[in-house]
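Let's work through a few exercises together, each with a solution you can follow step by step. Keep the viewer open and try each task before reading on.

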Amino acid sequence: WSPERQEPLRPGEQALPGSWERPTCVECGNDEGEEGGGRYGHGDDATKFYCGRCWKSWDVEARRKMMMAYAPPCRHEGPLAMDPMLHCPAPDPMAFFDDDEDGPE
């Protein structure tokens with residue numbers, strides 16, 4: 001599978017095929033093992049896999065930094081935060097029509 005693939009899928013072919021191969025850790029070279037807990041990197045390291053043993057050996061700050069890359073951006077703080085209050089004048093009142101006449105009341 002390649003994300004750069006341009007030709008259309010054949011009938012019955014999945015867009016993202018499954019894999020039965022266990023990934024190997026870039027730090028220790030072992031596979032995930034039965035305990036699990038491994039993580040893939042992000043950004044330029046998205047293809048790198050870190051097994052649960054190596055991942056859990058990192059310090060707390062390094063793990064937090066890696067996991068924060070997956071967190072949604074905070075849109076409620078910083079210079080681009082929107083003001084929740086609407087600061088504009090009220091709209092003009094609606095014009096109601098009387099059923100007997102053609103104009104507003």
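**Exercise 1. Place Met 67 and describe the surface patch it belongs to.**

Step 1: Met 67 sits in helix H2, which covers residues 60–68. Helices are DSSP runs of H or I with at least four residues, strands are runs of E with at least two, and both are numbered from the N terminus.

Step 2: Met 67 has a relative accessible area of 33%, so it is partly exposed. The classes are buried under 20%, exposed over 50% and partly exposed in between, using a 1.4 Å probe and protein chains only.

Step 3: Together with Tyr 40 and Tyr 70, Met 67 makes a nonpolar surface patch of about 300 Å². Patches take residues with over 30% relative accessible area and no salt bridge; like charges are joined within 9 Å, and nonpolar side chains (Val, Leu, Ile, Met, Phe, Trp, Tyr) within 5 Å.

Before going on, a word about the source: this is a predicted model, where local features need pLDDT of at least 70 and side-chain atom pairs count only at pLDDT 80 or more, while totals for chains, interfaces and linings use all residues. Residues are numbered from 1 along each chain as its sequence is written, and side-chain values use heavy atoms, with hydrogens and water left out.

**Exercise 2. Outline the protein as a whole.**

Step 1: Along the sequence the pattern reads β-β-α-α, with two helices and two strands.

Step 2: The protein has 105 residues, of which 12% count as buried.

Step 3: Its accessible surface is about 9600 Å², and carbon and sulfur atoms account for 56% of that. These areas come from the Shrake-Rupley method with a 1.4 Å probe; for residues, only the protein chains shown count as cover.

Step 4: Take the contacts between residues at least 6 apart in sequence: 23% of them join residues at least 24 apart. Contact here means heavy atoms within 4.5 Å.

**Exercise 3. How many salt bridges are there, and which residues form them?**

Step 1: Apply the rule: a side-chain nitrogen of Lys or Arg must lie within 4 Å of a carboxyl oxygen of Asp or Glu. The count is two.

Step 2: Asp 45 pairs with Lys 48, their closest N and O atoms being 3.1 Å apart. Asp 45 is partly exposed at 31% relative accessible area, and Lys 48 is partly exposed at 34%.

Step 3: Arg 64 pairs with Glu 61, with 2.8 Å between the closest N and O atoms. These two residues are three apart in helix H2, so about one helical turn separates them. Arg 64 is partly exposed at 43%, as is Glu 61 at 46%.

**Exercise 4. Is Glu 32 buried or exposed, and what does its side chain reach?**

Step 1: Find Glu 32 in the segment before strand S1 (39–40).

Step 2: Glu 32 is buried and has no salt bridge; Arg 53, the nearest side chain of opposite charge, is 5.7 Å away. For charges, Lys and Arg count as positive and Asp and Glu as negative, while His and the chain ends are not counted.

Step 3: The Glu 32 side chain does reach the backbone nitrogen of Gly 38, at 2.9 Å.

Step 4: Beyond its neighbours within four places in sequence, Glu 32 contacts several residues, among them Arg 22, Pro 23, Phe 49 and Cys 51.

**Exercise 5. Describe the surroundings of Tyr 50.**

Step 1: Tyr 50 lies in strand S2, residues 49–50, and is buried, with a relative accessible area of 10%.

Step 2: Setting aside residues up to four places away in sequence, Tyr 50 touches residues including Cys 25, Val 26, Trp 55, Trp 58 and Met 66.

Step 3: Gly 29 is 21 residues from Tyr 50 along the chain, and their C-alpha atoms are 9.1 Å apart.

Technical notes:
Polar contact = N/O pair within 3.5 Å; in protein donor to acceptor, adjacent residues only side chain to side chain.
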